[in-house]
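Trainee: Could we go through this structure together, with me asking each time what justifies the words we use for it?

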2 protein chains.
Amino acid sequence: MKKADADIMRSTNRRAVLSALRNNGAMARVDIGAALSLSPAAVSGITADFLAEGVLLELDSKAEPAKLARGRPRILLNINPNSALFVGLRLTFDRLDVFLGDALNNLVEHAVYTTDTRALTAEQLVDFIVAGTNSLLEKRSRNISDVAGVGIAVQGIVNETQGRIRWSPVLTCTPVNLGEALERRFSVPVTMDNDANTLALAHCVDRPGAQTGTTISVMIGYGVGMGIVINGEIYRGNRGSAAEFGHMKTGLSVTGPLCRCGARGCIEASVGDYAIYRDACELLGKSPEGIVAPDESSMVEIGEMGRGGHTGILELFDHAGTVLGIGVSNIVNLLAPDTVLITGAGTRSFDLMRKNFEQAMDRAVLTSVRDITKIEVMDWNLDFDGKGTVAMAIQHWLEERSNA
Amino acid sequence: MKKADADIMRSTNRRAVLSALRNNGAMARVDIGAALSLSPAAVSGITADFLAEGVLLELDSKAEPAKLARGRPRILLNINPNSALFVGLRLTFDRLDVFLGDALNNLVEHAVYTTDTRALTAEQLVDFIVAGTNSLLEKRSRNISDVAGVGIAVQGIVNETQGRIRWSPVLTCTPVNLGEALERRFSVPVTMDNDANTLALAHCVDRPGAQTGTTISVMIGYGVGMGIVINGEIYRGNRGSAAEFGHMKTGLSVTGPLCRCGARGCIEASVGDYAIYRDACELLGKSPEGIVAPDESSMVEIGEMGRGGHTGILELFDHAGTVLGIGVSNIVNLLAPDTVLITGAGTRSFDLMRKNFEQAMDRAVLTSVRDITKIEVMDWNLDFDGKGTVAMAIQHWLEERSNA
DNA sequence: TTATTTAATTCATCCATCGAATTATATCCT
DNA sequence: AGGATATAATTCGATGGATGAATTAAATAA
């Protein structure tokens with residue numbers, strides 16, 4: 001339980017104004033006041049400060065549609081997109097995606113840099129990231145001093161408050177304090193999180209409803225991840241280790257499929273791309289190629305074989321659907337979220353999993369909690385990840401601006 | 001994101017003072033100030049108000065041990081136990097426990113009233129509860145007008161904000177708005193929650209550490225329940241349906257043991273008393289007695305047979321241990337709590353489950369999150385439940401006092 | 001042109017906290 | 001014993017942000 005004083009009152013209300021604009025888009029001062037139960041006087045003062053600081057912007061109302069009401073016209077305010085520039089980084093197996101975004105989370109630039117991430121030392125990793133970032137900034141004739149914040153998404157177990165990667169499947173140099181190292185090199189605030197959390201954030205930013213209640217993003221792709229957002233905040237658990245949904249067990253056996261974590265029976269070991277690829281290769285008598293991660297075209301090909309009617313492949317997806325359905329129903333029984341979003345590259349073949357997924361859900365979700373949780377399957381593209389990393393940096397910056 | 005103003009500032013700090021005392025026990029004004037970073041002046045003012053209201057009490061320092069430091073002696077303050085009286089109710093299969101407690105959560109009275117709860121209509125249920133409560137109050141020559149709040153724990157799915165029982169294994173008259181009905185009869189604030197949540201609250205009240213981070217109580221008994229406490233607050237999920245841990249599935253199969261919820265493969269259907277009793281009866285060639293719930297002595301007897309070396313019974317407990325271990329490890333992987341408390345009547349035979357429980361945990365918890373969560377098995381007695389229900393009523397009352 | 005309506009600002013007032021000074025009450029030291 | 005010292009608690013003026021009422025601003029309707 002924390003105390004309150006005048007400073008906290010001020011920053012709370014400043015934060016509330018920025019949040020309102022972030023969630024609802026442009027608003028007039030009256031509406032901000034109504035939404036927050038703040039007096040017109042207070043809103044006037046707070047917004048005047050933000051306008052002076054350049055954080056907010058008055059929109060040109062001439063471009064608006066015809067007025068419906070008379071009286072002094074409302075002036076829409078919004079976060080000034082050009083008040084700051086943000087860098088979003090996403091580190092995955094063998095590649096680094098660098099995004100550039102503005103304060104309204106519009107992505108303005110994107111580049112990919114490839115390397116064998118697992119071969120890098122901690123120092124080489126930092127150099128690689130710095131080089132990639134600078135190279136993208138150059139394209140826009142900007143440099144790191146124009147940037148107000150950097151957000152990084154990494155697969156694995158990340159302690160966001162310290163910027164420390166405890167373990168990651170894409171790195172061998174763990175544990176490594178990447179956040180702190182980059183902050184030193186960039187001299188700019190760096191925020192880091194697990195890639196599933198970042199993606200969850202990206203989804204919640206666009207959903208006003210996600211600011212209250214629980215929204216869960218299940219990310220299926222190379223592995224299976226999850227982000228839990230409770231009342232607009234990412235739930236991280238002790239030392240940031242939460243939401244390892246991919247390693248939930250759907251069986252008691254010690255003989256289930258082997259997961260890359262070393263255990264058996266993990267959801268990931270049946271649903272992740274690497275698992276489906278591995279099993280498909282075995283099925284087809286092909287030895288899996290030397291690469292650790294199957295490329296997108298291989299995964300698409302496997303899906304096409306299923307749609308073509310290949311029984312063995314269909315059974316793989318059937319099984320994946322069942323495993324995922326049991327896993328998600330456990331989540332629903334346990335956390336009763338408002339929404340579960342299923343997303344990630346793996347949704348490319350969700351049509352093949354859907355039947356068994358839904359059957360498993362029907363069987364396993366408690367009758368009394370049915371219809372409480374909305375399940376949505378979302379197509380996925382890389383921009384979601386970009387927006388998530390940039391959103392993380394923006395969030396940090398807005399927090400700083402609120403306290404300023 | 002909520003706004004702040006002078007009123008909120010005031011009630012926040014009043015609440016903070018009460019919380020501090022509740023968590024740490026008696027404190028001097030200086031220490032309260034230090035703990036909350038509040039100025040001496042603010043603490044002085046707030047505590048003076050509470051003293052005038054009778055909510056706080058200055059402790060007699062004469063009874064204290066010899067002083068170690070010189071200077072004006074600190075005066076310890078604490079919540080005035082006699083400032084209010086609270087009723088805690090616990091409705092389970094065929095019985096109602098009524099507790100009377102003071103504002104410091106000391107239980108001063110307890111009585112049990114039995115009836116076939118499943119045979120009651122909504123009206124009869126209310127009458128039964130009111131009669132029991134009044135009867136206990138009479139013992140102390142008090143009546144309901146002396147009571148500042150009532151807390152009720154019910155098995156099943158409860159929507160605490162509305163006091164509505166959506167479904168309960170101990171009732172047939174669901175859905176029923178018991179909270180509201182009792183509030184009308186008592187003319188006293190009534191708070192209601194799931195029995196596992198209430199028990200979780202009871203545990204967290206005594207643990208200063210539970211005010212931050214995540215503490216999870218797993219309650220094994222007739223069924224298997226769970227309470228999730230995040231940063232000192234019970235996590236309820238959408239419509240209060242969360243934490244149905246007992247109905248997590250530890251297998252994909254459609255042929256697992258039948259759970260009372262109608263599904264198969266629920267944790268409860270292997271670990272709950274009713275499941276062990278059912279399986280033990282089958283094993284021993286006895287047909288289970290006509291009662292729905294096995295009594296305590298039968299469960300103790302089954303445990304003793306296991307300890308005596310009965311292989312079949314031991315296998316039952318082995319299996320229960322494995323199922324519980326997989327279930328808890330899923331929780332650990334998913335939520336990375338600080339602590340998992342295993343409690344409830346079912347702990348009477350935890351010694352028989354422990355080996356397999358621990359093996360399953362070792363196998364299923366991600367190596368990188370081991371040692372992040374502390375697992376504690378707690379003996380259980382009825383007073384925990386009593387304290388939980390009373391704590392719930394106290395919490396509501398303190399909240400009201402903070403806003404006053 | 002004037003009345004009406006709604007938006008935004010201004011300014012006096014309020015209120016809880018803070019900081020500094022004061023008061024209260026003990027132990028330590030000579 | 002009595003003064004010095006130390007710590008706790010209270011008092012009081014100052015501070016800062018929110019509020020409410022009055023004012024100003026900018027449009028439409030008559």
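Mentor: Let us begin with strand E14 of chain B, residues 339-343, which is mostly covered, since five of its five residues are buried. Please keep in mind throughout that this is a predicted model.

Trainee: What makes the residues of E14(B) count as buried, and on which faces do they lie?

Mentor: A residue is called buried if 20 or more other C-beta atoms lie within 10 Å of its own. Thr339(B), Leu341(B) and Thr343(B) on one side meet that description, as do Val340(B) and Ile342(B) on the other, and we conclude that both faces of E14(B) are covered.

Trainee: How do you know that E14(B) is paired with strand E11 of chain B, residues 214-220?

Mentor: Two strands pair if at least two bridges are found between them. E11(B) and E14(B) have five bridges and run in the parallel sense, and they therefore qualify as a pair. Within this pairing, Ile216(B) stands opposite Val340(B).

Trainee: Which other strand is joined to E14(B), and by how many bridges?

Mentor: That is strand E15 of chain B, residues 374-377, which runs parallel to E14(B) and is joined to it by four bridges; here Thr339(B) stands opposite Lys374(B).

Trainee: Why is helix H6 of chain B described as largely enclosed?

Mentor: The helix covers residues 195-205, and 11 of its 11 residues are buried, so H6(B) is largely enclosed by the rest of the structure. Among these buried residues are Asp195(B), Asn197(B), Leu199(B), His203(B) and Val205(B).

Trainee: What makes strands E1 and E2 of chain B edge strands?

Mentor: They belong to an open sheet of three strands with the order E1-E3-E2 in chain B and antiparallel pairing. Strand E1 (27-28) and strand E2 (56-58) of chain B each have a single partner strand, so one side of each is left without a neighbour in the sheet. E2(B) is joined by three bridges to strand E3 of chain B, residues 76-79, and the two run antiparallel, with Glu58(B) opposite Leu77(B) in E3(B). Helix H1 of chain B lies across E1 and E3 of chain B, running at about 95° to E3(B).

Trainee: Which residues touch the most other members of the largest nonpolar core?

Mentor: That core has 237 residues, and Val218(A) and Val218(B) touch the most other members. Leaving aside its neighbours within four places in sequence, Val218(A) is in contact with Met226(A), Phe245(A), Val328(A), Val340(A), Leu341(A) and Ile342(A).

Trainee: What makes a residue count as near DNA strand C, and which ones come closest?

Mentor: Its C-beta atom has to lie within 6 Å of the strand. Of the 30 residues that surround DNA strand C, the closest are Gly71(A), Arg72(A), Ala41(B), Arg70(B) and Arg72(B). H3(B) gives the most to this surface, with five residues, and the surface divides into 15 nonpolar, six polar and nine charged residues.

Trainee: Which residues come nearest to DNA strand D?

Mentor: Of the 30 residues around DNA strand D, those are Ala41(A), Arg70(A), Arg72(A), Gly71(B) and Arg72(B).

Trainee: How many residues does each chain bring to the contact between chains A and B?

Mentor: The contact takes 57 residues from chain B and 57 residues from chain A. On the side of chain B that touches chain A, H10(B) gives the most, with eight residues, and that side divides into 27 nonpolar, 20 polar and 10 charged residues.

Definitions and conventions
Residues numbered from 1 in each chain as written. Chains lettered and ligands numbered in written order. Predicted model: local features only at pLDDT ≥ 70, side-chain atom pairs only at ≥ 80, totals over all residues. Core = buried A, V, L, I, M, F, W, Y, C linked by C-beta atoms within 7 Å. Buried ≥ 20, exposed ≤ 12 C-beta atoms within 10 Å, placed from the backbone. Contact = placed C-beta atoms within 7 Å. Nonpolar A, V, L, I, M, F, W, Y, C, P; charged D, E, K, R; others polar. Axes fitted to C-alpha atoms, helices over the stretch in contact; angles between N-to-C directions.
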